[in-house]
Amino acid sequence: MKFWAKAAFAAVLITAFAAPPAQAASPVYGDFSLMFQRSAGQYAPPGEKAFQWAWSPQSATESQITWGDPVTWPPATAEHFVRSGDWVLLDGWDGNGTYYSQRVTEESACDGATCTPIPSDGGRQHYVRWTVPSSDYRLVARGTITEQSSGKVVHFEHLQTWGAPAPCSNARFGARTCVTQTETWSDDNGLPAGSPIRQTLHRSIKIAQGLGMAFAIDQDVPSPWHAEATEYWNW
């Protein structure tokens, strides 16, 4: 076989047996939220005072986030999240000198009008998928919140739609990629025993890849409100 023929034959073999190109890994919620970094940021309505958030990782699988006024930082409240498999679970939060345990009695993942029950993981709420899907998904959670210091119980319903990664922008940071959480919260806190739950919150929050929480917030319940991220940092 002549040299040029051997070279061509070798090229065919290399092409035939070469490893397939590597596939890009699917993004995860941590790429957007930065929940396992000591990340922080501020957000504000245009021309108004800023509010602040900060993640504080507790272990390789647990982290807590605080929200509050930077002038009186740190706040007394912190939400506790746990990564379990391909989910981020909400366990509860500290506040008012006690702990509030949040436990679900019913959870479903929904596709259109079809909802499939989510198996319990210690009763903690399945808050968001760790691996970010390429399409939107909806979550429904109902259950109770127990104030550990008093035993007081509040009933709640939490409805969420998580949007697939999509272009987003704000005045300070320009064009980015975000996942969007649209949530409705209802409970019977402060109502007479036996009262039906009432809606107390409806809002959408954009979480920017590589930056973190509160890239943009649009709320319409309990009152119209818009804010955008103004600063991000690690502490």
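This passage goes through the fold, cores, disulfides and salt bridges of one predicted chain.

The structure is a predicted model, so local features need pLDDT of at least 70 and side-chain atom pairs count only at pLDDT 80 or more, while totals for chains, interfaces and linings use all residues. Residues are numbered from 1 along each chain as its sequence is written, and side-chain values rest on heavy atoms, with hydrogens and water left out.

Starting with the overall picture, the chain holds 2 helices and 15 strands; these are DSSP runs, with helices being H or I of at least four residues and strands E of at least two, numbered from the N terminus. Of the 235 residues, 41% are buried, where buried means under 20% relative accessible area, exposed means over 50%, and partly exposed is in between (1.4 Å probe, protein chains only). The accessible surface of the chain adds up to about 12,700 Å², and carbon and sulfur atoms own 56% of that; the areas come from the Shrake-Rupley method with a 1.4 Å probe, and for residues only the protein chains shown count as cover. As for contacts (heavy atoms within 4.5 Å), 48% of those with a separation of 6 or more are between residues 24 or more positions apart.

Next, the interior. A nonpolar core is taken as a set of buried Ala, Val, Leu, Ile, Met, Phe, Trp, Tyr and Cys residues joined through side-chain atoms within 4.5 Å. The largest one has 37 residues, and the members touching the most others are Tyr29, Trp53, Phe81, Trp162, Ile207, Met213 and Phe215. A second core sits separate from it, with 8 residues that include Tyr100, Ala141, Val154 and Phe156. Threonine 66 gives a local view: this residue is in strand β3 and is buried, at 15% relative accessible area. Leaving aside residues up to four places away in sequence, threonine 66 touches Gln52, Trp53, Ala54, Trp73, Pro75, Thr77 and Ala78. Trp53, one of those neighbours, is also on the list of best-connected members of the largest core.

On to the covalent links. Taking a disulfide as a pair of cysteine sulfur atoms within 2.5 Å, the count is 2, and the pairing pattern is 1-2, 3-4 when bonded cysteines are counted along the chain. One of them joins cysteine 110 to cysteine 115, with the sulfurs 2.1 Å apart. The torsion about this S-S bond is about 105°, so the disulfide is right-handed. The two ends sit in unlike surroundings: cysteine 110 is buried at 9% relative accessible area, whereas cysteine 115 is partly exposed at 39%. The other disulfide runs between cysteine 168 and cysteine 178, S to S 2.0 Å. It bridges distant parts of the chain, from strand β11 (residues 166-170) to strand β12 (residues 174-187), with the two cysteines 10 residues apart. This link of cysteine 168 and cysteine 178 is right-handed as well, with 70° about the S-S bond, and both cysteines are buried.

That leaves the charged pairs. Side chains of opposite charge can pair when their charged atoms come close. Here a salt bridge needs a side-chain nitrogen of Lys or Arg within 4 Å of a carboxyl oxygen of Asp or Glu, and the whole structure has 6 of them. Lysine 49 and aspartate 69 make one, at 2.7 Å from N to O. This pair goes from loop to loop: lysine 49 is between β1 (39-44) and β2 (51-57), aspartate 69 is between β3 (62-68) and β4 (78-84), and they are 20 residues apart. Lysine 49 is partly exposed at 46% relative accessible area, and aspartate 69 is partly exposed at 22%.

Arginine 142 and glutamate 106 meet in another salt bridge, at 2.8 Å from N to O. Arginine 142 belongs to strand β9 (residues 137-147) and glutamate 106 to strand β6 (residues 98-111), 36 residues apart. Arginine 142 is partly exposed at 29%, as is glutamate 106 at 40%. Glutamate 183 and arginine 203 also form a salt bridge, with their closest N and O atoms 2.8 Å apart. Glutamate 183 is in strand β12 and arginine 203 in strand β13 (residues 198-208), so the pair ties together parts 20 residues apart in sequence. Glutamate 183 counts as buried at 5% relative accessibility, but arginine 203 is partly exposed at 26%. Finally, salt bridges with shared partners join Glu106, Arg142 and Glu157 into one network.
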